Amino acid sequence: MASLRRFHGNCLATTNMASETHAFAQTFSFNLLPNRKFTILEDTRILELLMKWSMLGRISIQAFNFDQVFQSYMKNDFVLDPCVKNNLLVLDSSGVWKPLGRDVTHVDVELVPCTKVSLNIFDPIFSSEIVHPSGHIAKCFHEVHLDFDELRMMLLEEESHNYHVVSPCDRQEFLFRLFKHIVLGGEICQYEDFVSPYIETAKTMYKDLVSVQKDSETKMISIVSTILKVSAYDDYGLCYPSGRDNEQTFAYLCIDPFKRHVYVLYHSFGIGKFSNNAVLCS
């Protein structure tokens, strides 16, 4: 990634028409942008938190630009074309970053809602006393996990009395998904006693990945990015973002249609690269 690399590819997707003979092709030309910086991977304090949460060394953001107009209906044409496999990095079972390098047979693409321009999506976790006014996360009993708390209970357990304090629509929002991923962390995550590191990190990541615009007349801010959650398959099954399905292993494409940039947020669940150091952090 030390120099700019260029790759080309033809993206082919079938339409939703009954006949499989009707298809269209959309050609995108991509450039890898190796020098694009992201606060989430540069800020010392956030890096310390990622290490504590067992995510450091297992999370990455890659930046590309592209040369064609993008619309959300093109999502299946856009993602994981064979040309991308030589540039898209994944983490293997030994903890080594390498190109995907697989012959992808099909992809599952989920269009992720992304509309939030404030942090009020988190208000219910305060009003429901999942988090105390001080910001301290309320502890609770769990039959399996020791040292559990109401925040993780709300995120994970549908039977929890607090599960529905965040609406189903808001749970699908990209900002809330980032927050949930951060709270749950990696395999040997050390959890926070206060909620602010989670919210502030999610906010920083969101600002890194999502583009906004302001209406010149109303001065209202709106999101312009399209967010796609992607899973890819080869002849043997799931191969991206990993061969093993896990809620904390994910890949999101964050597409800015005006700048024609796409940011690939990737995380692979497991023991982080700096896990031995992370255990010592408090």
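Colleague: Why does aspartate 234 count as buried?

Modeller: In this predicted model, aspartate 234 has a relative accessibility of 7%, and since buried means under 20%, the residue falls on the buried side of that limit.

Colleague: What makes the pairing of aspartate 234 with arginine 102 a salt bridge?

Modeller: The closest N and O atoms of aspartate 234 and arginine 102 are 2.5 Å apart, and the rule asks for a side-chain nitrogen of Lys or Arg within 4 Å of a carboxyl oxygen of Asp or Glu, so the pair qualifies. The pair also links distant parts of the chain, with aspartate 234 in strand E11 (residues 226–234) and arginine 102, 132 residues apart from it, in the loop between strands E5 (97–99) and E6 (106–112).

Colleague: Is arginine 102 buried, partly exposed or exposed, and why?

Modeller: Arginine 102 has a relative accessible area of 35%, and because the class in between runs from the 20% limit for buried to the 50% limit for exposed, arginine 102 is called partly exposed.

Colleague: How many salt bridges does this rule give, and which residue meets glutamate 192 in one of them?

Modeller: The count comes to 10 salt bridges, and in one of them the side chain of glutamate 192 meets that of lysine 52, at 3.2 Å from N to O, which means that the 4 Å limit is satisfied. Glutamate 192 belongs to the loop between H6 and H7, whereas lysine 52 belongs to helix H1, 140 residues apart. Both glutamate 192 and lysine 52 are buried.

Colleague: What can be said of the salt bridge of aspartate 149?

Modeller: Aspartate 149 forms a salt bridge with arginine 152, their closest N and O atoms being 3.0 Å apart, and both of these residues are buried. Lys139, Asp147 and Asp193 are joined into one network by salt bridges that share partners.

Colleague: Why is threonine 249 called buried, and which residues does threonine 249 contact?

Modeller: Threonine 249 shows 9% relative accessibility, and because the limit for buried is under 20%, threonine 249 is placed in that class. Threonine 249 is found in the loop between strand E12 (237–240) and E13, and, leaving aside neighbours within four places in sequence, it is in contact with Pro241, Ser242, His267, Ser268 and Phe269. The side chain of threonine 249 reaches the backbone nitrogen of phenylalanine 269 at 2.9 Å.

Colleague: What makes valine 224 buried?

Modeller: Valine 224 has a relative accessible area of 14%, and as buried means under 20%, valine 224 is counted as buried. Valine 224 lies in the loop between strand E10 (221–223) and E11, and beyond four places in sequence it touches Ser211, Val212, Gln213, Ile255, Asp256, Pro257 and Phe258.

Colleague: Which residues of the largest nonpolar core touch the most other members?

Modeller: Of its 48 residues, Leu151, Phe174 and Phe179 do so. Elements that give two or more residues to this core include helix H4 (150–156), helix H6 (174–184) and strand E13 (250–256), and H6 supplies the largest share, 7 residues. Another core, of 21 residues, lies apart from this one and has Phe64, Phe70, Leu100 and Val264 among its members.

Colleague: How confident is the predictor in this protein?

Modeller: The average pLDDT is 84, and 81% of the residues score at least 70. Over residues 1–24, however, the pLDDT is below 50, although this stretch has 55 contacts in the model beyond near neighbours in sequence. Residues 275–282 also stay under 50, with 11 contacts beyond four places in sequence.

Note on methods:
Residues are numbered from 1 along each chain as its sequence is written. This is a predicted model: local features need pLDDT of at least 70, side-chain atom pairs count only at pLDDT 80 or more; totals for chains, interfaces and linings use all residues. Side-chain values use heavy atoms; hydrogens and water are left out. A nonpolar core is a set of buried Ala, Val, Leu, Ile, Met, Phe, Trp, Tyr and Cys residues joined through side-chain atoms within 4.5 Å. Buried means under 20% relative accessible area, exposed over 50%, partly exposed in between (1.4 Å probe, protein chains only). Helices (H or I, at least four residues) and strands (E, at least two) are DSSP runs, numbered from the N terminus. A polar contact is a pair of N or O atoms within 3.5 Å; within protein, one must be able to donate a hydrogen and the other to accept it, and residues adjacent in sequence count only if both atoms are side-chain atoms. Contact means heavy atoms within 4.5 Å. pLDDT is the predictor's confidence in each residue, from 0 to 100.
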